[in-house]
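Here are a few exercises to work through with the model open beside you. Try each task before you read its solution.

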Amino acid sequence: MTGQATSTLGAGLGSLFDLPGVYGSFLVTPAGNVAARAIPEILDDATLSEVGGRIIRLGDTFETIGVSPDLCVVRYAEHRLYVKTLPAGVLCIVTGSEISLPALRMAANLVARKVAPEMSRLASPASSQTAVPSAVVPRASSGGFAVPPPPPPPPSSSSTATAAAPTARMYRGRPI
Amino acid sequence: MASEDLALADEPGTGGFSARLQGASLWDLVQMECLARTHRAVRVTNGAQTGVLFFDAGRVIHAETALAFGETAAMEILSWQSGSFDPCQSAWPRSPTITTATEGLLLKAAQGRDEGRRSSNLVAFPGRGGALATVNGPGSESPLLVDDKDWESEVTRPAGPSIGLGFDANRRDSGAVIDLPIAARVAPNGTIIEAVDDDLADAVAYAGRLAGLIGELLGLEGFRALECASKDERVVIYTEEDGGLVAGRVPAAADVSILRERLGL
């Protein structure tokens with residue numbers, strides 16, 4: 001992932017903090033990896049990755065019953081998790097329970113529009129082949145936005161098809 | 001009914017005492033049945049309204065009225081202020097439709113009465129799977145969609161697609177009602193209580209589990225509800241008091257604002 005990508009994704013997520021009640025947000029690739037985050041450090045990358053995988057599976061679950069989710073709102077006792085499906089990945093926003101949903105919808109739409117191209121690029125097989133750890137912008141030690149390193153390359157790089165496999169999965173015409 | 005004239009009698013031919021009580025509340029009688037852990041159906045009449053409560057092992061496991069069944073019907077019956085209470089022979093449900101403990105039912109009924117939101121706990125009874133969510137604005141006299149054949153056949157229906165259950169958590173002071181056609185109901189232990197199809201019930205159970213796990217990881221406790229919207233429809237899942245899951249599907253165009261408000265979505 002390039003520094004420009006980091007900037008694009010990070011700037012997009014950062015704009016969500018304009019809304020009172022937004023605790024944080026993160027972007028998840030179709031493979032379940034966290035592409036960018038703007039959420040307190042108390043949630044480490046490993047935890048977010050677990051969350052990302054489950055969010056993707058949640059979407060897959062609804063796909064099995066014929067519902068192709070565009071938006072999912074999960075209500076907890078004192079919080080909401082707002083999950084918006086992007087062309088390639090999902091945008092997740094953690095909020096308090098009193099947030100203005102119309103404002104959040106609009107903000108999420110704007111963020112989605114801004115980050116969608118970069119997310120699509122990240123999800124493309126070509127991107128996965130060129131994305132190497134050295135291209136990752138180091139995560140800030142505190143605050144700000146952090147981009148975790150991409151998943152390790154496949155064990156065997158002898159075959160291009162094999163290397164592209166993790167991001168080449170398609171479901172109903174969309175990469176997952 | 002000006003004077004309360006409630007009757008309690010044991011089933012014919014089973015011995016014991018029969019009683020005629022005046023001034024007893026229906027809630028007292030329900031609690032007596034539960035304490036006695038009887039297995040029987042009791043017809044409750046309130047003027048022209050009639051309902052049946054099914055007791056088993058100290059719980060109310062099923063209820064029917066002319067317009068609803070399950071917990072919705074139980075709440076309707078428990079809202080009645082006077083009438084009669086007689087054991088009856090009625091077709092036993094194939095499976096329990098009420099999972100809430102009797103105490104919980106009574107508490108809900110008491111809350112409904114205290115709030116004085118409505119003169120009746122009647123709620124809409126949606127049609128068989130796929131019924132649209134509808135909102136009846138203030139002033140609508142009868143928000144009820146009734147298909148007698150449907151509810152009558154439900155109790156003894158053969159295995160197959162289930163009918164939606166009424167959802168009574170959507171009334172506001174205005175009296176507006178929205179129907180959530182319940183497509184699946186899953187008990188906390190995973191037992192499928194009602195389901196339009198098993199795949200849906202499986203999906204609901206798994207989605208509920210995932211939502212809980214996601215919340216735990218993010219430090220968000222107390223999964224309550226979930227709304228998943230596609231271009232064509234919405235799936236709403238919410239947790240019941242006992243931890244069970246209920247899900248309904250409505251068209252995307254349906255106005256579910258009241259439902260969202262109640263569920264905090």
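**Exercise 1: an odd backbone angle**

Task: Decide whether Ala57(B) is buried or exposed, then place it in its chain and look at its phi.

Solution. Ala57(B) has 9 C-beta neighbours inside 10 Å. The exposed class takes residues with 12 or fewer, so Ala57(B) counts as exposed. Keep in mind that this is a predicted model. Next, the location: Ala57(B) sits in the loop between β4 (49–56) and β5 (59–65) of chain B. Finally, its phi is near 50°, a positive value in a residue other than glycine.

**Exercise 2: another one in chain B**

Task: Find where Arg37(B) lies, and work out whether it is buried or exposed.

Solution. Start with the backbone: Arg37(B) isn't a glycine, yet its phi is positive, at about 55°. Walk along chain B and you'll meet Arg37(B) in the loop between α1 (26–36) and β3 (40–46). Now count neighbours: 11 other C-beta atoms lie within 10 Å, so Arg37(B) is exposed.

**Exercise 3: the side of chain B that touches chain A**

Task: Which element of chain B gives the most to the side that touches chain A?

Solution. First get the totals: 29 residues of chain B are in contact with 27 residues of chain A. Then sort the chain B side by element: α5, β11 (225–229) and β12 (233–239) each supply at least two residues. The top contributor is α5(B), with 12 residues. As for character, this side of chain B splits into 19 nonpolar, 4 polar and 6 charged residues.

**Exercise 4: two helices across the interface**

Task: Describe how helix α2 of chain A and helix α5 of chain B are arranged.

Solution. Two numbers do the job here: packed helices are described by the angle between their axes and the distance between the axes. For α2 (residues 45–64) of chain A and α5 (residues 198–218) of chain B, the axes come within 9 Å and cross at roughly 165°. Angles over 145 degrees count as roughly antiparallel, so that's what α2(A) is to α5(B). The crossing of the pair is left-handed. Residues making the contact include Val51(A), Ile55(A), Leu58(A) and Phe62(A) from α2(A), and Ala203(B), Leu210(B), Ile214(B) and Leu217(B) from α5(B). Overall, the contact residues divide into 13 nonpolar, 3 polar and 4 charged.

**Exercise 5: strands across the interface**

Task: Which residue of β11(B) is the bridge partner of Cys72(A)?

Solution. Look at strand β3 (residues 71–75) of chain A: 5 bridges join it to β11(B), and the two run antiparallel. Within β11(B), Cys72(A) has Cys228(B) as its bridge partner.

Key: Residues are numbered from 1 along each chain as its sequence is written. Chains are lettered from A and ligands numbered from 1 in the order in which they are written. This is a predicted model: local features need pLDDT of at least 70, side-chain atom pairs count only at pLDDT 80 or more; totals for chains, interfaces and linings use all residues. Axes are lines fitted to C-alpha atoms, for helices over the stretch in contact, and angles run from 0 to 180 degrees between N-to-C directions. Helices (H or I, at least four residues) and strands (E, at least two) are DSSP runs, numbered from the N terminus. Angles under 35 degrees count as roughly parallel, over 145 as roughly antiparallel, 65 to 115 as roughly perpendicular and the rest as oblique. A crossing is left-handed if the near helix is turned anticlockwise from the far one by less than a right angle, and right-handed if clockwise. Two residues are in contact if their C-beta atoms, placed from the backbone, lie within 7 Å. Ala, Val, Leu, Ile, Met, Phe, Trp, Tyr, Cys and Pro count as nonpolar, Asp, Glu, Lys and Arg as charged, and the others, Gly among them, as polar. A residue is buried if 20 or more other C-beta atoms lie within 10 Å of its own, exposed if 12 or fewer, and partly exposed in between; C-beta atoms are placed from the backbone. Two strands pair if DSSP finds at least two bridges between them.
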